[in-house]
Amino acid sequence: MAFTRATGKHRAPSRLTRRSANLAGVATLATAGVIGTLASPAVAADAEAAASVEDTGLTQIVSMGSIADEIADQAAAQKKEAAEAAARAQAKAEAEAEAKRKAEARAKEIREAKERAAREAERKRLNAFRIPVAGSHVTTGYQTGGNLWSSGSHSGVDFRAASGSTVVAVGAGTVVEAGWGGAYGNNVVLRMNDGTYTQYGHLSSIAVSVGQQVMAGQRLGLSGSTGNSTGPHLHFEARTTAEYGSDINPVAYLRARGVSV
């Protein structure tokens, strides 16, 4: 007789049926939150780790951004400082160049002033007049009367001068006569630079020649007593022309040119 299983509530469920029930239970538990509750710590840990990674990355980005800003600020500050230093250096160089230019201009002004002064001094020296025999004085005045002179009066003045005393040009001029002059003995005549003439008579020797340029104080010869003379002295005349008879007062002539006689 064949064996048959009883059916109904006392029937044990099959393996397939138990498996299906287990799966349904799991689904129910999951729906009810049991598995969700059990799984929450792991999920939370993963979330915190992810958040931690994200936070760390953001912090790194922020930190690197701050460093970049600091570097940029430092670079800008260094650039500004370099520009200011360059500007100061340029200003200093310009100031030094200006000071040098002013110093050179001042030195040039001083040099030119000295040159002008030297030229003026030379001009004055060249145009200066002096007494024909140093330390001498007039012994016979202008237009003194007497039979010693063919015209009846003295056409010049006599300066005291021992024989051999140096006779110099009273001013700058050109020699127009140098040699024997009759009653004047050995004589020199100069055409002065101002157009007047001076004559130096009774010389014992002559040191210049016709056409020679002479300066004030230059030696013309030595005093003596040649020609119509009563003793050693210098006969000095001043004239408006080279001709005899155009004489003017020699003392007034010299004084008008700054010579104390």
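**Exercise 1.** How many aromatic pairs does a search of the whole structure find?

Solution. The model is a predicted one. The search finds 3 aromatic pairs. One of them joins phenylalanine 159 and phenylalanine 236, with 6.3 Å centre to centre and 65° between the planes. Planes over 60 degrees apart count as edge-to-face, and the pair of phenylalanine 159 and phenylalanine 236 is accordingly classed as edge-to-face.

**Exercise 2.** State which strands hold phenylalanine 159 and phenylalanine 236, and what the pair ties together.

Solution. Phenylalanine 159 belongs to strand β2 (residues 157-159), and phenylalanine 236 to strand β9 (residues 234-239). The two are 77 residues apart in sequence, so the pair ties together parts separated by that distance along the chain. Phenylalanine 159 has a relative accessible area of 0% and is buried. Phenylalanine 236 is also at 0% and counts as buried.

**Exercise 3.** Classify the pair of tyrosine 200 and phenylalanine 236, then place tyrosine 200 in the chain.

Solution. The centres of tyrosine 200 and phenylalanine 236 are 5.4 Å apart, with 55° between the planes, and the pair is tilted. Tyrosine 200 lies in strand β6 (residues 197-206) and phenylalanine 236 in strand β9, 36 residues apart, which makes this a link between distant parts of the chain. Tyrosine 200 counts as buried, at 0% relative accessibility. Phe159, Tyr200 and Phe236 form one aromatic cluster.

**Exercise 4.** Identify the rings that arginine 257 lies over.

Solution. The charged end of arginine 257 sits over the ring of tyrosine 253, 3.8 Å from its centre. Arginine 257 also lies over the face of phenylalanine 129, at 5.5 Å from the ring centre.

Key: Residues are numbered from 1 along each chain as its sequence is written. This is a predicted model: local features need pLDDT of at least 70, side-chain atom pairs count only at pLDDT 80 or more; totals for chains, interfaces and linings use all residues. Side-chain values use heavy atoms; hydrogens and water are left out. Rings of Phe, Tyr and Trp (its six-membered ring) pair if their centres lie within 6.5 Å; planes under 30 degrees apart count as stacked, over 60 as edge-to-face and the rest as tilted. Helices (H or I, at least four residues) and strands (E, at least two) are DSSP runs, numbered from the N terminus. Buried means under 20% relative accessible area, exposed over 50%, partly exposed in between (1.4 Å probe, protein chains only). A charge sits over a ring if NZ of Lys or CZ of Arg is within 6 Å of the ring centre and within 35 degrees of the ring normal.
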